Amino acid sequence: NWSMENFIDTEISRIKKLVGPTAEVIGAVSGGVDSTVAAKLMARAIGDRFHAILVDNGVLRLNEAKMVKKNLTEGLGINLTVVDASEEFLSKLKGVTEPEKKRKVIGNTFIHVFERVANEIKPKDGDEIEFLLQGTLYPDVIESISFKGPSQTIKTHHNVGGLLENMKLKLIEPLRELFKDEVRALGELLGIPHDLVWRHPFPGPGLAIRILGEVTPSQVEIARKADHIYIEEIKKAGLYSQISQAFAALLPVKSVGVMGDERVYAQVIALRAIETTDFMTADWFIFDARFLKRVASRIVNEVDGISRVVYDITSKPPATVEWE
Ligand code: XMP
């Protein structure tokens with residue numbers, strides 16, 4: 001009979017058998033629930049013969065790389081390498097303003113960096129890296145066979161075909177029969193911190209698609225700070241678990257404001273928060289007006305370069321969740 005405990009045992013012995021006594025496995029982690037659960041399962045099965053890689057693409061959230069390192073290494077005992085490729089990504093993103101182009105640039109750079117790092121990770125005893133771990137879920141499996149629509153671009157950064165071919169890797173997908181809620185239950189059983197298990201999803205292209213227009217280091221800093229304040233206030237107000245996804249988007253529009261005695265001409269932050277079950281349709285979240293007032297005031301006061309904050313009251317459809 002099927003239970004999550006049985007699933008863990010079965011999956012761990014299946015992985016052990018598949019990988020064998022000496023081969024090594026690599027896999028990217030993002031700080032999200034799927035890749036963390038997959039990585040933890042792998043570490044349980046084969047210990048340090050699993051090599052997790054976090055690529056810092058320069059468009060992660062505030063302190064994200066540090067936090068992932070702490071959680072995975074100290075907290076979960078996963079063998080993790082963090083690669084700071086921020087400069088490489090940001091230089092490739094220079095001058096790019098078109099959303100799909102941003103996704104392509106980030107996806108391609110990711111594959112490039114990952115491949116380089118994977119080649120640098122030479123297991124001590126000369127064993128070969130033979131497998132690539134992917135945190136693919138059942139809905140991803142269905143989606144990729146059933147239609148070739150926008151999902152193809154949504155999954156750009158998951159496009160590991162090149163890695164499998166160039167590096168002659170074989171794919172391991174321990175979560176491919178599970179739905180999101182099952183992955184979360186599995187995560188809890190594996191001892192992954194509750195906050196991580198229930199984290200909102202974050203897109204692969206990161207803040208790059210939440211900074212409309214060109215992505216520059218100074219724009220990333222503004223978007224990061226504003227998003228951090230917003231999420232911090234959502235958590236403080238006890239609303240995080242009621243919301244499916246929330247973030248701040250930085251608009252390429254300037255508006256006039258007054259700060260102290262001076263007129264300023266600065267950018268606009270748009271706050272987004274949605275409730276949804278499947279992300280195909282979504283309703284905007286109804287905040288208490290006092291909450292929005294508090295967030296707006298903090299962002300304008302604490303983030304240089306912002307003079308105005310607006311709240312996005314569009315559902316999906318017609319609007320998408322992301323602004324790009
Ligand atoms: P949209 O904007 O399409 O978003 O309504 C639906 C969900 O998908 C996420 N999303 C992405 N995730 N790469 C990702 O990994 C992407 O390029 C991408 N675009 C959108 C979005 O955050 C939301 O959860």
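Here a trainee and a mentor talk through a predicted model and the terms used for it.

Trainee: Why is Glu 64 called buried?

Mentor: Buried means under 20% relative accessible area, and Glu 64 has 3%, so the word applies. This residue lies in helix α3, which covers residues 64-75.

Trainee: Which residues does Glu 64 touch, leaving out those up to four places away in sequence?

Mentor: Ser 30, Gly 31 and Arg 199.

Trainee: Now the ligand. What makes the pair between Lys 316 and the ligand a polar contact?

Mentor: The cut-off is 3.5 Å between N or O atoms. A polar side-chain atom of Lys 316 is 2.6 Å from a ligand oxygen atom, so the pair qualifies. For Glu 322, a polar side-chain atom sits 2.5 Å from an oxygen atom of the ligand. With Gly 204 a polar backbone atom takes part, at 3.0 Å from a ligand oxygen. The protein buries 86% of the 490 Å² that the ligand exposes when taken alone.

Trainee: How many residues surround the ligand, and which are the closest?

Mentor: Twelve, the closest being Arg 103, Gln 245, Lys 316, Val 321 and Glu 322. By class, five are nonpolar, four polar and three charged.

Trainee: What makes a set of residues a nonpolar core?

Mentor: Its members are buried nonpolar residues such as Tyr and Ile, joined through side-chain atoms within 4.5 Å. The largest such core here has 54 residues, and Tyr 230, Ile 234, Phe 287 and Ile 299 have the most contacts inside it. A second, separate core of 40 residues includes Ile 12, Val 19, Leu 41 and Leu 190.

Conventions. Residues are numbered from 1 along each chain as its sequence is written. This is a predicted model: local features need pLDDT of at least 70, side-chain atom pairs count only at pLDDT 80 or more; totals for chains, interfaces and linings use all residues. Side-chain values use heavy atoms; hydrogens and water are left out. Buried means under 20% relative accessible area, exposed over 50%, partly exposed in between (1.4 Å probe, protein chains only). A residue is near a molecule or strand if one of its heavy atoms lies within 4 Å of it. A polar contact is a pair of N or O atoms within 3.5 Å; within protein, one must be able to donate a hydrogen and the other to accept it, and residues adjacent in sequence count only if both atoms are side-chain atoms. Accessible areas come from the Shrake-Rupley method with a 1.4 Å probe; for residues, only the protein chains shown count as cover. Ala, Val, Leu, Ile, Met, Phe, Trp, Tyr, Cys and Pro count as nonpolar, Asp, Glu, Lys and Arg as charged, and the others, Gly among them, as polar. Helices (H or I, at least four residues) and strands (E, at least two) are DSSP runs, numbered from the N terminus. Contact means heavy atoms within 4.5 Å.
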